Amino acid sequence: MTGLVLGVDACRTGWVGVSLSGDDIRGWHAVTIAELADAVGAHAVPSVVAIDIPIGLPSHGPRRADVLARERLGVRRFSVFATLVREAYEAETYEAALEAQQAATGKGMSRQAWGLRHKVLDVDGWLEHPQRIGVVVECHPELSFATMNGGAPVPYGKKTWSGQARRRELLASAGIVVPAEFGDAGTVPPDDVLDAAAAAWTARRVAEGRAESLPETPERFADRLAAITF
């Protein structure tokens, strides 16, 4: 037994979580990551939290974690957004962020990548304060699903019928059967719930000492480690 672990994914209305404790699986939803963690912690404190968001923010890019993840994912490589430099995430406008990104890396960025800034900074700020939580790792659900799938990326997109059916099958084969009635998490789009469940699978692997990461030795940016765990 590894106690309770938690997988988290960003969604349009905040964050969705899936907790695992033995055979007990529960869904969670909150506007901020701190609120989600507090809600779960009031039930039981997670020993491991795996969250699908960049944690180690570079001062210059790219991160090896992102490069290696894309190489591993093949047809699903475009699901890995390039992590921007911290100054770009902290910029107040896209134009200022673009200038910071170009100055630090010599390259531009998409509005979609910068659009994740509120989620990235939400987690970054949360990690600044002591938590009643054990280990927090960055994960990427597509890497988790690929590992469940024998190392091969799932060939269908996560928003498609076939893609969601295959991801459910992979989770079920790993002992994670997401119920039809799933509390507040049931109001979240299904692909986000499935991603949170895959993150929970990764959290459980971390707790059991079976997880891998890209790169094997994490990079360090300021006081954060950058590696994608699966």
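The exercises below, each with a worked solution, concern a predicted model.

**Exercise 1. The largest nonpolar core**

Determine which residues touch the most other members of the largest nonpolar core, and which elements supply at least two residues of it.

Solution. Begin with the membership of the core, which has 30 residues, and among these V8, W15, I33, I51 and V123 touch the most other members. Next, assign the core to elements: strand 1 (5-11), strand 3 (24-30), strand 4 (48-51), helix 1 (33-43), helix 3 (86-90), helix 4, helix 5 (111-114) and helix 6 (117-126) each supply at least two residues. The largest share, four residues, is that of helix 1. Then follow one member in detail: with neighbours within four places in sequence left aside, I51 is in contact with V8, W15, I33 and V123, and also with V136, V137, E138 and C139. Finally, note that another core lies apart from this one; it has 29 residues, including I176, V178, V193 and A198. As general background, nonpolar side chains in soluble globular proteins tend to be buried together.

**Exercise 2. The crossing of helix 7 and helix 8**

Describe how helix 7 and helix 8 cross, and state which residues make the contact.

Solution. Two packed helices are described by the angle between their axes and the distance between the axes. For helix 7 (residues 141-148) and helix 8 (residues 161-173), the axes come within 10 Å and cross at roughly 65°. The handedness comes next, and the crossing of helix 7 with helix 8 is left-handed. On the side of helix 7 the contact is made by E142, F145 and M148, while helix 8 takes part through R167, L170 and L171. Sorted by class, this contact has four nonpolar and two charged residues, and no polar residues.

**Exercise 3. Salt bridges and the accessibility of their partners**

For the pairs D24 with R26, R166 with E169, and E212 with R205, work out which partners are buried and which are partly exposed.

Solution. The structure holds 14 salt bridges, and the general principle is that side chains of opposite charge can pair when their charged atoms come close. In the pair formed by D24 and R26, the N to O distance is 2.9 Å. D24 has a relative accessible area of 31% and is partly exposed, and R26, at 35%, is also partly exposed.

The salt bridge of R166 with E169 has its closest N and O atoms 3.0 Å apart. These two residues are three residues apart in helix 8, so about one helical turn separates them. R166 is partly exposed at 28% relative accessibility, and E169 is partly exposed at 46%.

In the salt bridge of E212 with R205, the closest N and O atoms are 3.7 Å apart. Here E212 is partly exposed at 40% relative accessibility, whereas R205, at 8%, falls under the 20% limit and counts as buried. Elsewhere, salt bridges that share partners join R86, E90, D124, E128 and R224 into one network.

**Exercise 4. Two glutamines in helices**

Decide whether Q101 and Q164 are buried or exposed, and list what each touches beyond four places in sequence.

Solution. Start with location: Q101 lies in helix 4 (residues 94-105), and Q164 lies in helix 8. The limit for a buried residue is under 20% relative accessible area; Q101, at 6%, is therefore buried, and Q164, at 16%, is buried as well. With residues up to four places away not counted, Q101 touches L84, V85, A88, G106, K107, G108 and M109. On the same basis, Q164 touches G157, K158, K159, P190, D191 and L194.

**Exercise 5. A200 and the cis peptide bond**

Establish the surroundings of A200, and identify the element that holds the proline of the cis peptide bond from L214 to P215.

Solution. A200 belongs to helix 9 (residues 190-207), and its relative accessible area of 0% makes A200 buried. With neighbours within four places in sequence left aside, A200 is in contact with V5, L6, G7, V18 and L20. The C-alpha atoms of A200 and G17 are separated by 8.2 Å, although these residues are 183 residues apart along the chain. Turning to the peptide bond, the link from L214 to P215 is cis, with omega near -10°, and P215 lies in strand 6 (residues 213-221).

Note on methods: Residues numbered from 1 in each chain as written. Predicted model: local features only at pLDDT ≥ 70, side-chain atom pairs only at ≥ 80, totals over all residues. Heavy atoms only, no water. Axes fitted to C-alpha atoms, helices over the stretch in contact; angles between N-to-C directions. Left-handed = near helix turned anticlockwise from the far one by under 90°. Contact = heavy atoms within 4.5 Å. Nonpolar A, V, L, I, M, F, W, Y, C, P; charged D, E, K, R; others polar. Salt bridge = Lys/Arg side-chain N within 4 Å of Asp/Glu carboxyl O. Buried < 20%, exposed > 50% of the residue type's maximum accessible area, 1.4 Å probe, protein only. Core = buried A, V, L, I, M, F, W, Y, C linked by side-chain atoms within 4.5 Å.
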